[in-house]
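Reader: I am new to reading protein models, and the labels puzzle me. Please walk me through what earns each one.

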Amino acid sequence: LKGQTALANGQKPNALLSAPFALGSSEAQAVASIRKHGPLSRTEIADVTGYSRSKITSVINTLTHLGVLEEIGDGESNGGRRPRVLNFCPEFGYLVGVDMGATSLDVALTNFNGQIIYRLSHVIDVRQGPEVVLSLLRDLVLETLTQLGIQASKIYAFGIGVPGPVEFSTGLLIAPPIMPRWEAFPIRTFIQETFPCAIVVVDNDVNVMALGELRAGSGNNHENFIFVKVGTGIGAGIVCNGQIYRGSNGCAGDIGHICADRNGPPCHCGNIGCLEAIAAGPTIAKRAMEAARNDPDTVLAKFMDEQNGKLTAHDVGRAAMEGDRIANEIIRESGRMIGEVLAGLVNFYNPSLVLIGGGVSNIGHQFLASIRRGILHRSLPLSTRHLRIDTSPMGADVGVMGAIALALEHVFVVENGHAKYVKP
Ligand SMILES: [Zn+2]
């Protein structure tokens, strides 16, 4: 595997090492078990991995010598002396998680434990193109590092979620509808010019959110679940056997363009009646504005008046809360359409959890209730027996936490084994 730094040959890491770092498969397993369970004693690592005590001793010696792990104090005792607990050395390196939206850039800087040490948000217009947006990202991160006294060469990974279809193996956006000038732009190369030691992993924003739920949210007890983002568009991240399922080209889960009504309105993709054209945020807002124009006595009309003739999906949620009948009807109809499409997915995929996230997901309890009804009404009884359908508990944090998880997953690769990612 070219381009990797062989960490496992005994030298201490220094500022010139660059990620991804190759680990032996035993060391990689120990690293993975602490990532999953948090700080563990040697005995606990041996329990999780199934390795003998003597093997664990040598594995942990290697990892502590390299500076990847450190002892952080005493764990729970089972009667005898309290065992030393191991965790990642926070200063081994740092990671950047980026959640890029059409109009916002959310960035988190974490230490090697994945703990956030700096967080920032910036308004952007993604249509300004990659040079403008990525230069801003670069400058924001550099400024933060200067403030904190951290060198750019200590950034070992960037995880970046973008609002468009990504070919995961190359990290390139392919025909992104809302990011036209980003087509095939080399995001990795751009970032690595300033952060030469970092591996840069780019993925679709919904996959990144699903990963955030899997690692840090309510998905962590579920091996098979679907995360649905409802915002300006509609998309799904699929978790299969505890991993993100991306499909053969990386565009699995693009459920927004499933036909939900053959007599429906045209979609920006060129087809008719796509779920996205019927049930996403802009349509909810458009329907509400039509209704408000037809009936000036409603809460919706009052809100529209106050906002220079404009309404958003969020306003429809507020009007519904105040008892506006039509607002409630619009929300229920949108939820029902989404639920019906999800019923097909539940029948096909048999997940144990469906999580609804994105900007439109919290426009009122009617929305989730209608999605639930739509799914339960149309799914087979066996597939919904243990099915949980809920809104994402992580809310706005899920994108940036998922981006950090993406970065953490790719800092190490398994030497002589099944590398998940190869630096270009
Ligand atoms: Zn479409």
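Author: Gladly! Let's start with an open sheet of five strands, in the order β15-β14-β13-β16-β17 with mixed pairing. This is a predicted model, in which local features need pLDDT of at least 70, side-chain atom pairs count only at pLDDT 80 or more, and totals for chains, interfaces and linings use all residues. Residues are numbered from 1 along each chain as its sequence is written, while side-chain values use heavy atoms and leave out hydrogens and water.

Reader: What makes something a strand or a helix here?

Author: Both are DSSP runs numbered from the N terminus: a helix is H or I over at least four residues, and a strand is E over at least two.

Reader: How do you know that β14 and β15 pair?

Author: Two strands pair if DSSP finds at least two bridges between them. Strand β14 (residues 234-240) and β15 have three bridges, in the antiparallel sense, so they pass that rule. One partnership to look for is Cys240 with Gln243 of β15.

Reader: Which strands of the open sheet β15-β14-β13-β16-β17 are at its edges?

Author: They are β15 (243-245) and β17 (388-391), each of which pairs on one side only.

Reader: What about the smaller labels, such as antiparallel pairing in the sheet β3-β5-β4?

Author: That open sheet has three strands, in the order β3-β5-β4, and its pairing is antiparallel. Strands β3 and β4 each have a single partner strand, so one side of each is left without a neighbour in the sheet, which puts them at the edges. Helix α1 (residues 25-37) packs on this sheet and touches β3, β4 and β5, its direction making about 90° with that of β5. Touching is a matter of contact, which means heavy atoms within 4.5 Å.

Reader: How many bridges hold β5 to its partners?

Author: Two bridges pair β3 with β5, and four join strand β4 (residues 69-74) to β5. You can find Ser41 opposite Val85, Leu40 opposite Leu86, and Asp74 opposite Arg84.

Reader: Why is Ser41 called buried or exposed, whichever applies?

Author: Buried means under 20% relative accessible area, exposed means over 50%, and partly exposed is in between (1.4 Å probe, protein chains only). Ser41 has 5%, so it is buried. Leaving aside neighbours within four places in sequence, Ser41 is in contact with Pro83, Arg84 and Val85. Its partner strand fits the picture too: four of the five residues of β5 are buried, so β5 is largely enclosed by the rest of the structure.

Reader: And which label does Glu290 get?

Author: Glu290, in helix α8 (residues 281-294), has a relative accessible area of 38%, so it counts as partly exposed.

Reader: What makes two rings an aromatic pair?

Author: Rings of Phe, Tyr and Trp (its six-membered ring) pair if their centres lie within 6.5 Å; planes under 30 degrees apart are stacked, over 60 edge-to-face, and the rest tilted. The count by this rule is 10 aromatic pairs. Take Phe21 and Phe92: their centres are 5.6 Å apart and their planes stand at 70°, so they are edge-to-face. Phe21 lies in strand β2 (residues 21-23) and Phe92 in the loop between β5 (84-88) and β6 (94-100), so this pair ties together parts 71 residues apart in sequence. Both Phe21 and Phe92 are buried.

Reader: How do you know what kind of pair Phe112 and Phe412 form?

Author: Their centres are 5.9 Å apart and their planes at 90°, so this pair is edge-to-face. It links parts 300 residues apart, with Phe112 in the loop between β7 (104-110) and β8 (116-123) and Phe412 in strand β18 (residues 412-414). Phe112 and Phe412 are both buried. Phe21, Phe88, Phe92, Phe112, Tyr156 and Phe412 form one aromatic cluster.

Reader: Why is Arg35 said to sit over the ring of Phe88?

Author: The rule asks that NZ of Lys or CZ of Arg be within 6 Å of the ring centre and within 35 degrees of the ring normal. The charged end of Arg35 is 3.7 Å from the centre of the Phe88 ring. Likewise, Arg246 lies over the face of Phe168, at 3.7 Å from the ring centre.

Reader: Last one: what is the angle label for helices α6 and α14?

Author: Axes are lines fitted to C-alpha atoms, for helices over the stretch in contact, and angles run from 0 to 180 degrees between N-to-C directions. Under 35 degrees is roughly parallel, over 145 roughly antiparallel, 65 to 115 roughly perpendicular, and the rest oblique. The axes of α6 (residues 205-216) and α14 (residues 398-410) come within 7 Å and cross at roughly 80°. That makes α6 roughly perpendicular to α14. Among the residues making the contact are Val208 and Met209 of α6 and Val398 and Gly399 of α14.
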